[in-house]
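Work through the exercises below with the sequence and the 3D structure at hand. Each task is followed by a solution in steps.

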Amino acid sequence: MKIFNILHKSSDGKARTGIMELPHGPVHTPVFMPVGTCATVKAISKDDLEEIGFEIILANTYHLFLRPGPELINEAGGLHGFSQYKKNFLTDSGGFQVFSLSQLRKINPDGVKFQSHVDGSYHMFTPENVVQTQALFNSDIQMQLDVCSGYGVDRKEAEHALKVTSEWAKRAKKQWLEEQEKGYKGILFPIVQGNFFEDLRKESAEFVASLDLPGIAIGGLSVGEPKEKFEEFLAYTMKLLPEDKPSYVMGIGTPEYILEAVANGVDMFDCVLPTRNARNGAYFTHDGQLSIKQERFKHDFKPIDPQCNCKVCRTYSRAYLRHLFKEQEILSSMLASYHNLAFLHQMMNEIRQAISEDRFEEYKKDFLSRYKEGNIQ
């Protein structure tokens with residue numbers, strides 16, 4: 001199944017633009033996807049997402065499985081009917097919660113037995129029922145169940161995680177094909193693992209490519225490693241993947257990491273950081289991250305970023321936004337989240353334009369030079 005067309009390959013590097021044809025509309029790449037863990041991006045309405053221009057967002061299988069449950073979501077018409085966000089949804093597999101909630105789970109060859117952080121009840125995730133759950137969600141892109149190992153684990157643990165992930169990928173593909181026969185239109189991405197061992201990464205990339213699924217996700221990065229290790233293993237892994245499929249690096253959401261990923265030919269990325277930081281008073285600007293908590297903004301009536309044309313920057317001053325944050329007004333989280341997502345979305349538009357004009361490396365250099373200087377006036 002082919003869902004991806006490359007539109008332009010940059011002449012000055014590996015960056016590229018493309019378009020994914022998904023059940024709920026096209027998605028232009030490279031693309032940043034906001035994270036809507038519980039079928040909502042925190043402090044952002046679906047109207048705001050549409051106004052900014054997002055074509056795809058994420059939802060979390062683990063959390064939605066526990067509350068409100070896949071049957072209720074399916075009854076409502078899947079995630080699109082339930083949330084009324086009519087563009088595309090990508091759902092993760094719950095695999096990251098296997099990693100992050102390690103004290104509440106036990107992995108065996110069949111799947112993952114875990115204890116709910118909500119009410120203490122026990123559940124079992126298998127490669128098969130995770131595919132079935134995401135099909136009930138009517139996910140446009142779903143992830144296989146995987147085992148993510150953290151930075152610094154020994155080789156034995158990394159080998160075991162890779163072996164289990166590979167076996168689960170085969171089982172997930174089989175179940176996905178069965179769901180397709182029943183009329184499910186969404187697609188499945190397998191996940192490259194292998195931790196920070198080059199031979200294991202190579203083994204995983206070659207295996208995942210052999211499955212010939214519509215796209216490929218790169219897991220096991222942005223798990224606490226130094227930035228130089230991230231860059232090294234991202235570049236190494238990308239060299240091993242087929243060019244004709246969209247690639248997705250999970251869990252990156254700052255301008256530095258996004259630009260590095262695009263430079264290596266990555267097409268998709270996501271992160272909770274832009275909205276999480278927003279709720280803590282941190283705004284993206286072209287001159288670095290601005291902390292609205294600072295006293296110096298008390299009498300500052302300039303916009304957050306004079307170069308940004310989002311409705312927050314067009315309407316509100318730093319002084320007012322600082323006031324909202326200091327008073328813990330709900331509107332503070334709403335406006336900051338809107339700005340940060342609009343900022344990244346505009347950055348992605350600029351990135352795609354730069355790639356199409358064969359000047360991405362120049363754009364990256366100029367953007368980061370100013371961003372890292374952090375000279376917020």
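**Exercise 1. Describe the residue that follows helix α6, and the burial of that helix.**

Step 1. Asn138 comes after α6 and has a positive phi, near 60°. Helices (DSSP runs of H or I, at least four residues) and strands (runs of E, at least two) are numbered from the N terminus.

Step 2. α6 covers residues 127–137, and its buried residues are Pro127, Val130, Val131, Thr133, Gln134, Ala135 and Phe137. Buried means under 20% relative accessible area, exposed over 50%, and partly exposed in between, with a 1.4 Å probe and protein chains only.

Step 3. Residues are numbered from 1 along each chain as its sequence is written. The model is predicted: local features need pLDDT of at least 70, side-chain atom pairs count only at pLDDT 80 or more, and totals for chains, interfaces and linings use all residues, while side-chain values use heavy atoms, with hydrogens and water left out.

**Exercise 2. Locate Asp212 and Gln328 and give the phi of each.**

Step 1. Asp212 sits in the loop between α8 (198–210) and β13 (216–218). Its phi is near 55°, positive although the residue is not glycine.

Step 2. Gln328 belongs to the loop between α13 (318–326) and α14. Its phi is also positive, near 55°. Gln328 counts as exposed because its relative accessible area is 73%.

**Exercise 3. Is Lys245 buried or exposed, and which residues does Lys245 touch?**

Step 1. Lys245 lies in the loop between α9 (227–239) and β14 (247–249).

Step 2. Lys245 is classed as buried because its relative accessibility is 11%.

Step 3. Leaving out residues up to four places away in sequence, Lys245 touches Phe4, Arg16, Asp212, Leu213, Pro214, Gly215, Ile216 and Asp267. Contact means heavy atoms within 4.5 Å.

**Exercise 4. Set out the sheet that contains β1, β2 and β3, and the helix that lies across these strands.**

Step 1. The 3 strands make an open antiparallel sheet in the order β1-β2-β3. Strands pair if DSSP finds at least two bridges between them.

Step 2. β1 (4–9) and β3 (25–29) are the edge strands, each pairing on one side only. Neighbouring strands are turned against each other by 15° on average, direction ignored.

Step 3. β2 (residues 16–22) is joined to β3 by 5 bridges, and Leu22 stands opposite Gly25 in β3.

Step 4. Helix α14 (residues 330–356) lies across β1, β2 and β3 and runs at about 120° to β2. Axes are lines fitted to C-alpha atoms, for helices over the stretch in contact, and angles run from 0 to 180 degrees between N-to-C directions.

**Exercise 5. Describe strand β16 and its pairing with β17.**

Step 1. Ala282 and Phe284 on one side of β16 (residues 282–285), and Tyr283 and Thr285 on the other, are all buried, so both faces are covered.

Step 2. In a regular strand, side chains alternate between the two faces of the sheet.

Step 3. β16 runs antiparallel to β17 (residues 288–291), with 4 bridges between them. Phe284 has Gln289 as its bridge partner in β17. The hairpin from β16 to β17 passes through 2 residues.

**Exercise 6. Find the cis peptide bonds that precede Pro30 and Pro68.**

Step 1. The bond from Thr29 to Pro30 is cis, with omega near 0°. Pro30 is in the loop between β3 and β4 (31–34).

Step 2. The bond from Arg67 to Pro68 is cis, with omega near 5°. Pro68 is in the loop between α2 (61–66) and α3 (70–75).
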